[in-house]
Amino acid sequence: MVEHKSFGARLFNGVNATLLILITLLCLTPLWYILMISVSDKAAVNAGAVTFWPIGFNLLSYQKIVSEVAFFTSFWVSVKRVVLGTAVSLAAILMMAYPLSKTSKQLPHRNAYMWVLVFCMLFNGGTIPWYLVIRGYGLIDSIWGLVLAGSLPIFNVILVVNFFRNIPGALEEAAYVDGAGPWRTFIQIFIPISAPVVATISLFTIVGYWNEFFQGLVLSTKQSNYPLQTYIQQLVVNLNLSTLDTEQIKQISQLNNRSLNAAKIFIAMIPVLVIYPFLQKYFITGITLGSVKE
Amino acid sequence: MKKRKWLLSGLITVMLMATLTACGGDKADSGSNGASNNTAGNTAANTADSKDTNSSAALDPFGRYEEPVTLHLVRSLDPNLKFDEGKSVEDNEFLDEIKKQLNIEIVYDWISAPADWDQKISLAISSNNIPDAAIVNLTQFKSMQKFNQLADSTDAFNSTASDMLKSFYESGGDALKQLVETDGKIMAIPATVPKASGMSQMWIRQDWLDKLGLEAPKNLEELKKVARAFIEQDPDGNGKNDTMGIVGPSKSGGLSGTDGNLYGLDPLFAAHKSFPLYWLENEQGEVVYGSTQPETKQALQTMAEMYKEGLIDKELLVRDDSLQPILDGKAGIFFGPWWTGYTIADAYKKDPTPDWQAYAYPQADDGNYYAHMAAPANTFVVVNKDCKNPEAVLKLINLLLRDEAKWVETGLGKNPGTSGGYPLFTVFDNVDEIEVSYDILNKYLKGEVEIDSVDFSTHKLLKDDMNAIKKLKKEPLDDFSITNWDLKDSGDLITTNLPRLVSIMVGDRPLATDQNIKEVYSLYYGQTDTMSSRWANLQKLEKETFAKIIMGSAPIDSFDEFVTKWNKQGGEKILGEVAEMSK
Amino acid sequence: MYSKKNIKHYWLMMAPGYIWLTLFSIVPMFGIVMAFQDFNPALGIFKSPWIGLENFRYMFSMDDITQVFINTIVIAVGKLIGNLIIPLIFALMLHELTIKKLVRPIQTLVYLPYFLSWVILGSIVLNIFGVDGPVNSLLSVFGVEPIVFFGREDLFRPLVIGSDIWKGFGYNAVIYLAALTSIDPSLHEAAAIDGAGRFKRLIHITLPGIKTTVILLAILSLGNVLNAGFDQIYNLYNPLVYSTGDIIDTWVYRAGLVELQFSLATAVGLLKSVVSFILIVTSYALADKFTGYKIF
């Protein structure tokens with residue numbers, strides 16, 4: 001695209017870029033803060049003296065993590081959960097969304113199916129019945145519990161349905177003329193064309209599974225089954241000291257290590273940082289749909 | 001087509017329901033099976049003629065079961081605790097010892113971090129999936145009792161509690177019975193807390209006082225003067241105007257409490273003879289609520305003035321963590337219980353300048369220091385009503401109380417110790433534990449008692465304390481300034497023992513030595529019926545009003561409005577109930 | 001053309017999703033009855049006593065409940081508007097960025113705050129806005145006295161809404177970015193050749209191109225009109241800002257501290273669901289009526 005670079009356009013570009021960089025820096029603060037805490041002296045951290053520069057720089061926390069078996073156990077649980085969960089969720093979401101993107105004529109009661117989804121998205125029976133049911137299925141302390149118990153992310157289904165609906169009907173008709181059935185049309189035409197939305201919901205699913213900590217807590221009876229974020233959560237939650245007995249206070253004062261916690265939080269973000277760029281290209285560069293677009 | 005589809009979905013639903021009920025039914029079945037097995041087992045035992053020996057061994061406080069007994073428990077465990085190689089919370093020396101001595105096997109249904117404990121235990125309660133026994137707080141205990149999930153432990157307690165456990169129970173007096181007994185039935189075994197834990201006192205930087213040539217402030221006026229000096233006269237000598245006077249509670253803390261209330265402002269209230277949250281008897285002999293009394297209004301007014309002048313932390317009740325300015329060397333005064341020595345432990349390692357000392361100040365006009373005292377217990381061991389061997393739970397506690405000191409001495413399961421490895425561990429303290437420790441440690445340092453002549457049976461940690469203090473304390477032996485501890489050559493003792501020793505020798509000194517302390521008790525520490533529905537809201541009203549008055553966003557007269565509202569919104573009714581309960 | 005044969009395949013495709021939904025979402029819904037019970041775990045859902053609307057009556061008998069509802073709605077609506085618009089603006093800015101090398105790093109970095117839970121982020125936010133924090137240091141350069149930000153009733157809501165948007169906009173922008181990519185670039189090219197300026201193209205090509213996405217997100221976000229965000233508020237609030245910051249969820253939480261209140265929590269959950277459902281149905285109908293577009 002050749003553009004005439006007027007002064008106004010250049011001014012806009014400059015201001016736009018500057019603003020975006022400022023915004024980015026603003027979003028970096030918490031991460032930077034955590035990084036600084038992880039490399040600072042423990043006593044300075046406890047005194048709240050560390051803000052934007054390390055005090056008593058050291059890498060002890062990162063050395064210590066190496067010997068933290070529990071951290072890596074939980075890390076592995078999370079990786080398994082994300083891999084299994086993303087595979088299962090993506091398959092279920094896409095397969096479900098394709099028929100639902102049809103008209104009521106093509107799929108009778110299509111609207112009813114849709115409203116069932118919306119209903120399920122908004123209503124729930126609360127934690128207790130949910131827990132009882134999952135326990136009834138025997139999914140406590142099971143990786144499948146962590147994968148399935150969150151139920152189907154309906155928001156994502158609706159997102160994909162909408163995307164599918166905007167794909168021109170002519171494309172599908174052409175496929176049928178060529179003798180393709182619904183499965184082939186779905187797999188060979190709809191999915192490739194929907195790369196941006198598939199990338200988007202993959203990201204949402206991965207991040208959803210990676211970030212989730214409450215179910216990990218409720219559905220596990222011991223720490224070795226915790227996903228990583230549950231493991232981290234239990235370390236960073238502030239305790240109300242007055243409800244503890246003196247032995248517990250003693251333990252906490254000896255064992256609590258904010259620098260180490262910060263290092264764990266930091267490392268827990270790395271996988272997401274690695275995965276993101278892979279998915280990113282699908283919703284930044286855009287793909288040319290060419291003639292198929294209306 | 002259509003019909004068939006509905007049929008299909010109907011079928012699926014039915015199948016699902018069937019599975020569900022099957023799950024539920026299954027459980028009920030196994031339950032009754034278990035029960036019938038149990039009766040069968042009992043009859044077998046009866047016919048086997050071994051009943052007598054078996055049951056007397058079973059009921060003896062330290063008797064060993066002939067057949068192994070399994071207890072299902074749950075546990076809170078600090079995730080940072082490290083066990084010795086090959087050992088874990090589910091397999092360690094203490095569990096071996098319990099198996100050997102009592103023939104009890106422990107199975108943990110689940111284990112959680114202290115941070116998640118409340119969530120996990122309330123899920124267990126709400127799904128009626130409670131273990132044989134658990135350690136819970138008062139709210140949980142009372143809810144479980146209301147839901148009829150608890151066993152009446154009276155018989156088990158009378159038959160199987162050891163003498164030591166019984167003596168702890170007795171030491172709590174009527175207030176303790178009021179908490180755990182219903183119609184004379186013991187519904188939970190309370191973990192008594194040391195008396196000292198309920199008392200809040202003033203902690204002050206002695207090195208700052210010395211530097212500015214000041215005395216520890218005895219009353220409110222002097223306190224204001226000292227706080228002012230701490231702010232204005234640069235006590236840390238860095239040439240910057242960056243010090244503050246009194247640190248207050250953080251956003252999750254309370255201005256006042258019914259326990260030691262670390263960082264609370266309780267002594268400032270008490271200096272006006274005001275005791276928020278306490279049920280008191282006034283001069284007419286009526287039951288009144290401390291927070292709504294005119295003394296409290298005066299106290300709030302004083303605090304509002306102090307806040308306005310900047311003597312109290314600007315970020316009172318907003319701050320994320322009140323410990324930070326203290327460890328950062330920016331603060332000179334705060335209030336807390338004896339065990340505060342643990343929380344400021346970092347100060348000993350980094351830089352031994354901050355010399356925190358504790359005083360039972362500020363005193364009220366009459367020269368007394370009014371110390372509000374805590375409930376006699378805030379944790380309770382509860383037993384499931386379906387537990388087959390309630391006496392086994394008591395045996396576990398008996399064994400812990402009897403042998404813990406011995407284990408400490410022999411180094412059994414030293415990492416991480418009983419608190420990490422022993423099931424149902426909670427601190428069962430003698431009410432006077434801290435005062436006795438203070439007294440004996442002092443005498444020991446002076447050479448007035450020998451280590452062999454001390455009876456450790458009711459004070460389990462004392463021996464370890466005595467050994468440690470000998471190594472840690474430098475001359476002069478009766479001055480517990482931070483500089484008189486050996487911080488250089490003591491190695492691990494600084495992390496493992498010094499915080500406790502500072503807590504006892506500095507933190508308990510006022511309670512052990514100050515003659516002007518007057519103890520104030522609440523007439524009632526439990527929860528009445530109306531409280532369970534109204535208390536959360538009344539608390540909100542109270543906290544909001546007090547915070548706003550102190551920090552100047554509401555006038556002092558809004559206190560009167562608060563009193564009216566409090567009475568109207570259920571307070572009056574609660575007062576009546578408390579009066580009834582405390583008769 | 002649309003043979004009946006297809007329908008069977010459609011069912012097959014939907015089956016896994018609906019079975020999953022039935023097992024893990026519909027079956028646990030029997031718990032909703034707890035809202036009308038005085039739930040006693042030992043008796044279970046089938047035997048607990050029925051108390052009709054007592055839980056709701058109790059909730060609405062509280063003197064502060066109006067205030068709590070207002071707080072909830074103001075904060076939640078503020079968030080949902082902000083979370084709709086700010087990510088959109090950000091996505092458009094990023095879309096227009098001419099230095100393409102910067103696009104990926106910026107996008108990666110802005111979504112980082114999303115990965116920190118409010119327990120962690122809460123104390124960072126409190127430190128940043130603390131009396132000795134960077135914001136006050138900056139203000140002091142301009143001679144402003146230190147402000148206790150989180151102690152101010154009037155500032156609490158903006159701070160909560162603002163920090164929530166800050167946490168999530170990078171992440172929320174992803175959907176818009178995906179939608180933007182599906183606009184045919186040739187439309188832009190043609191318009192540029194016709195001499196349409198940047199702003200004109202934004203109005204006539206870009207915005208219409210993502211209109212349906214925006215409407216969809218707007219309507220779905222109505223489902224959160226009573227969810228002001230427990231984790232965030234719980235980690236930031238204090239008694240001084242109860243009057244503007246206490247929301248339904250924190251209120252229920254505190255009630256549960258005094259006595260374990262399972263039924264009350266369920267009743268509140270049900271109330272929220274019903275309100276969300278009504279709002280979504282209404283807005284669905286309105287969108288259909290005025291734009292002729294059925295969002296799902």
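Here is a short tour of a predicted model, one selection at a time.

**Stop 1: where chains A and C meet.** Select chains A and C together. Here, 73 residues of chain A are in contact with 71 residues of chain C. Which helix gives the largest share of chain A's side? Colour residues 7-38 of chain A: that's helix α1, and it supplies 14 residues, the largest share of the side touching chain C. Now try colouring chain A's side by residue type: you'll get 53 nonpolar, 16 polar and 4 charged residues.

**Stop 2: a helix inside chain A.** Stay with chain A and pick residues 228-236, which form helix α13. Is this helix largely enclosed or not? It's largely enclosed by the rest of the structure, because 8 of its 9 residues are buried. Click along it and you'll pass buried residues including Leu228(A), Tyr231(A), Ile232(A) and Leu235(A). Gln229(A), Thr230(A), Gln233(A) and Gln234(A) are buried too.

**Stop 3: the spans of chain C.** Hop over to chain C. An unreviewed UniProt entry annotates residues 12-36, 68-94, 106-129, 208-230 and 262-287 as "transmembrane region". Select 262-287 of chain C: this span is 100% helix, and its end C-alpha atoms lie 37 Å apart. Then select 106-129 of chain C, where you'll find 67% helix, no strand (0%), and end C-alpha atoms 25 Å apart.

**Stop 4: the domains of chain B.** Finally, give chain B three colours. Domain 1 takes in 59-193 + 377-421, domain 2 takes in 200-372 + 520-524, and domain 3 is 433-515. How far apart are the C-alpha centres of domains 1 and 2 of chain B? They sit 36 Å apart.

Terms used: Residues are numbered from 1 along each chain as its sequence is written. Chains are lettered from A and ligands numbered from 1 in the order in which they are written. This is a predicted model: local features need pLDDT of at least 70, side-chain atom pairs count only at pLDDT 80 or more; totals for chains, interfaces and linings use all residues. Two residues are in contact if their C-beta atoms, placed from the backbone, lie within 7 Å. Helices (H or I, at least four residues) and strands (E, at least two) are DSSP runs, numbered from the N terminus. Ala, Val, Leu, Ile, Met, Phe, Trp, Tyr, Cys and Pro count as nonpolar, Asp, Glu, Lys and Arg as charged, and the others, Gly among them, as polar. Domain bounds come from an automatic or database domain assignment. UniProt positions are given in the numbering used here, feature names are shortened, and annotations may be inferred rather than shown by experiment. A residue is buried if 20 or more other C-beta atoms lie within 10 Å of its own, exposed if 12 or fewer, and partly exposed in between; C-beta atoms are placed from the backbone.
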